[in-house]
Amino acid sequence: MARVNKPPKTIGPAQKFARVLLSEVIQLYFWVMNTLRFKNHLDIEQPCVMAVYHDELMPIIHYFRNQGITAIASQNHFGYAIAKIMERYDYEVALGSPSRGGKDAFFQLLRAARKGKTIAFAVDGSRGPRHEMKQGAMILAKKTKLPLYLIRASYDGWRIENSWDKSKFPKPFANVSFTYERFAMEDYADEPDIEVALLAAQNQLSNLQIDDYQAP
């Protein structure tokens, strides 16, 4: 399925080649993820807004493949490359980040949600701080009145130490377990300051499971 927004700014031949190469490397890893063993399933209402942490994205992307989910990716090389692969698995991907295209991408997600699509949000992306929830998913859920689900994934994997989020790529044949809860948006319906609800959601998401990252 095609991306739902305009392509990123013009890039040179070398950058285009780098993106193609990176996309194919990521595709190889997506094939490896076919070996993952999901120990439980996500019993959630759909359509909904899903809030996840950026470093736990890979098994969640794999779990929801071929289900017509709409997501957002940054316009950097990695974001563009993974968006190309996600499209092969029936994702709709809006390209944008706080530094470029973020507003347009949000409105594309809003339109998709109003058409009955489930939206996946890496709530601490695209540049962090790591495990610090931003407003996007909550604002989207509030505007569309869709349920907001907070989702964590536990699995054995390799950490990318030089990435801002310490991304965790699952190992072949890893067991994946989900922990998730619905955030009670209705409890904050009369709260004028969204930061109050955001802090509550942040605490709830973080407390779903212990962060297993240990700095070297």
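Two rings of Phe, Tyr or Trp (for Trp, the six-membered ring) count as a pair here if their centres lie within 6.5 Å. By that rule, this predicted model has eight aromatic pairs. One of them joins F106 and F107, whose ring centres are 6.0 Å apart. Their planes meet at 75 degrees, so the pair is edge-to-face, a label that needs over 60. How buried or exposed is F106? With a relative accessible area of 16%, F106 is buried, because the cut-off for that is under 20%. F107 comes out at 38%, so F107 is partly exposed.

Rings also gather in a bigger group: F38, Y63, F64 and F178 make up one aromatic cluster. Two other rings have a charge for company. The charged end of R19 sits over the ring of Y80, 4.4 Å from its centre, and K168 lies over the face of Y155, 4.7 Å from the ring centre.

Now for the sheet. Seven strands build an open sheet with mixed pairing, and reading across it the order is β1-β9-β6-β2-β5-β3-β4. At the edges you'll find β1 and β4 (92-95), each pairing on one side only. Here are three of the strand pairings, with their ranges and bridges:

| Strands | Sense | Bridges |
|---|---|---|
| β1 (residues 37-38) and β9 (residues 175-183) | parallel | two bridges |
| β6 (residues 148-154) and β9 | antiparallel | seven bridges |
| β2 (residues 49-52) and β5 (residues 119-122) | parallel | four bridges |

You can pick out single partners too. F38, which we met in the aromatic cluster, has V176 of β9 as its bridge partner. R152 is bridged to T179, also in β9. Over in the β2 and β5 pairing, A51 stands opposite F121 of β5.

What about the inside? In soluble globular proteins, nonpolar side chains tend to be buried together. In this model, the largest nonpolar core has 37 residues. Which of its residues have the most contacts inside it? They are F30, M50, F64, Y91, I151 and F178. At least two residues of this core come from each of α1 (13-32), β2, α2 (57-63), β3 (70-73), α3 (77-88), β4, β6 and β9. The biggest giver is α3, with six residues. There is also a second, separate core of 29 residues, and V49, Y53, A112 and L150 are among them.

Two names tie these threads together: F64 and F178 belong to the aromatic cluster, and both are listed among the residues with the most contacts in the largest core.

Conventions:
Residues numbered from 1 in each chain as written. Predicted model: local features only at pLDDT ≥ 70, side-chain atom pairs only at ≥ 80, totals over all residues. Heavy atoms only, no water. Pairing = 2+ DSSP bridges. Phe/Tyr/Trp six-rings, centres within 6.5 Å; stacked < 30°, edge-to-face > 60°. Buried < 20%, exposed > 50% of the residue type's maximum accessible area, 1.4 Å probe, protein only. Lys NZ or Arg CZ within 6 Å of the ring centre and 35° of its normal. Core = buried A, V, L, I, M, F, W, Y, C linked by side-chain atoms within 4.5 Å.
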